[in-house]
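Here are some exercises to work through with the model open beside you. Try each task on your own before reading its solution.

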Amino acid sequence: MSFEQAASLPMAGATALQGLRDRGHIQSGRKVLINGASGGVGHFAVQMAKSFGAEVTGVSSTKNLQLVQSLGADRVIDYTMDNPVHRTERYDLVLDVVGNLSLRNL
Ligand SMILES: NC(=O)c1ccc[n+]([C@@H]2O[C@H](COP(=O)([O-])OP(=O)(O)OC[C@H]3O[C@@H](n4cnc5c(N)ncnc54)[C@H](OP(=O)(O)O)[C@@H]3O)[C@@H](O)[C@H]2O)c1
């Protein structure tokens, strides 16, 4: 890994950790939705949430669904085909990295 690559990790990684652990109080067995799961913050968040023992659903576009699954997500939602807000699932914690979800409806 180059110095440049290494230097890019703490910001996105710390953001994911703060959201899940410090603000979200994530716990094992909780159902977690990560919107933007294939992105800089989200791809860390998926892996961290799994390491905390959560049940993880990740939202990304079609081309990145496989990536999100490979990071450990239990379920994936393609935002080009589906809207998490319109589904019946409910979550204990939502990390909305994109910021486009209506949390009132989740
Ligand atoms: N990266 C950091 O270090 C950092 C730190 C603090 C705050 N932030 C902030 O966090 C936000 C995201 O940053 P990022 O670096 O994670 O961005 P990013 O790498 O560009 O990732 C964006 C994510 O959003 C998804 N996405 C795009 N449009 C969407 C939609 N309509 N519905 C659901 N998902 C959608 C993308 O999925 P596809 O790629 O599959 O389309 C991708 O997973 C930005 O506001 C940024 O300023 C970032």
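**Exercise 1: a charged network**

Arg-87 is partly exposed, with a relative accessible area of 24%; here buried means under 20%, exposed over 50%, and partly exposed in between, using a 1.4 Å probe and protein chains only. Before going on, note that this is a predicted model, in which local features need pLDDT of at least 70 and side-chain atom pairs count only at pLDDT 80 or more, while totals for chains, interfaces and linings use all residues. Residues are numbered from 1 along each chain as its sequence is written, and side-chain values use heavy atoms, with hydrogens and water left out.

*Task.* Find which residues form a salt bridge with Arg-87.

*Solution.* Step one is the rule: a salt bridge needs a side-chain nitrogen of Lys or Arg within 4 Å of a carboxyl oxygen of Asp or Glu. Step two gives Asp-82, whose closest N and O atoms with Arg-87 are 2.4 Å apart. Step three adds Glu-89, where the closest N and O atoms to Arg-87 are 3.4 Å apart. Through shared partners, Asp-82, Arg-87 and Glu-89 join into one network. As for exposure, Asp-82 has 30% relative accessibility and counts as partly exposed, and Glu-89 is partly exposed at 24%. By this rule the count comes to 5 salt bridges.

**Exercise 2: around Lys-50**

*Task.* Work out which residue forms a salt bridge with Lys-50, and what else Lys-50 touches.

*Solution.* Start with location: Lys-50 is found in helix H2, where helices (H or I, at least four residues) and strands (E, at least two) are DSSP runs numbered from the N terminus. Lys-50 is partly exposed, at 29% relative accessibility. Next, the salt-bridge partner is Asp-74, with the closest N and O atoms 3.0 Å apart. This pair links distant parts of the chain, as Asp-74 lies in the loop between H3 and E3, 24 residues from Lys-50. Asp-74 is itself partly exposed, with a relative accessible area of 38%. Then list contacts (heavy atoms within 4.5 Å): leaving aside neighbours within four places in sequence, Lys-50 meets Val-56, Gly-72 and Asp-74. Finally, the Lys-50 side chain reaches the backbone oxygen of Ala-54 at 3.3 Å.

**Exercise 3: strands and a crossover**

*Task.* In what sense do strands E2 and E3 pair, and over how many bridges?

*Solution.* Strands pair if DSSP finds at least two bridges between them. E2 (residues 55-60) and E3 (residues 75-78) pair in the parallel sense over 4 bridges. To find your place, look at Thr-57, which stands opposite Arg-75 in E3. Now add helix H3 (residues 65-70): E2, H3 and E3 make a right-handed β-α-β unit. Right-handed means that, with the strands pointing away from the viewer, the path from the first strand over the helix to the second runs clockwise.

**Exercise 4: the nonpolar cores**

*Task.* How many residues has the largest nonpolar core, and which elements give two or more?

*Solution.* A nonpolar core is a set of buried Ala, Val, Leu, Ile, Met, Phe, Trp, Tyr and Cys residues joined through side-chain atoms within 4.5 Å. The largest has 20 residues, and Leu-20, Ile-26 and Val-32 are among those with the most contacts inside it. Helix H1 (3-23), strand E1 (31-35), helix H2 (40-51) and strand E4 (93-96) each give two or more residues to this core. H2 supplies the largest share, 6 residues. Apart from this core lies another, of 6 residues, including Leu-33 and Ile-77.

Definitions and conventions. A polar contact is a pair of N or O atoms within 3.5 Å; within protein, one must be able to donate a hydrogen and the other to accept it, and residues adjacent in sequence count only if both atoms are side-chain atoms.
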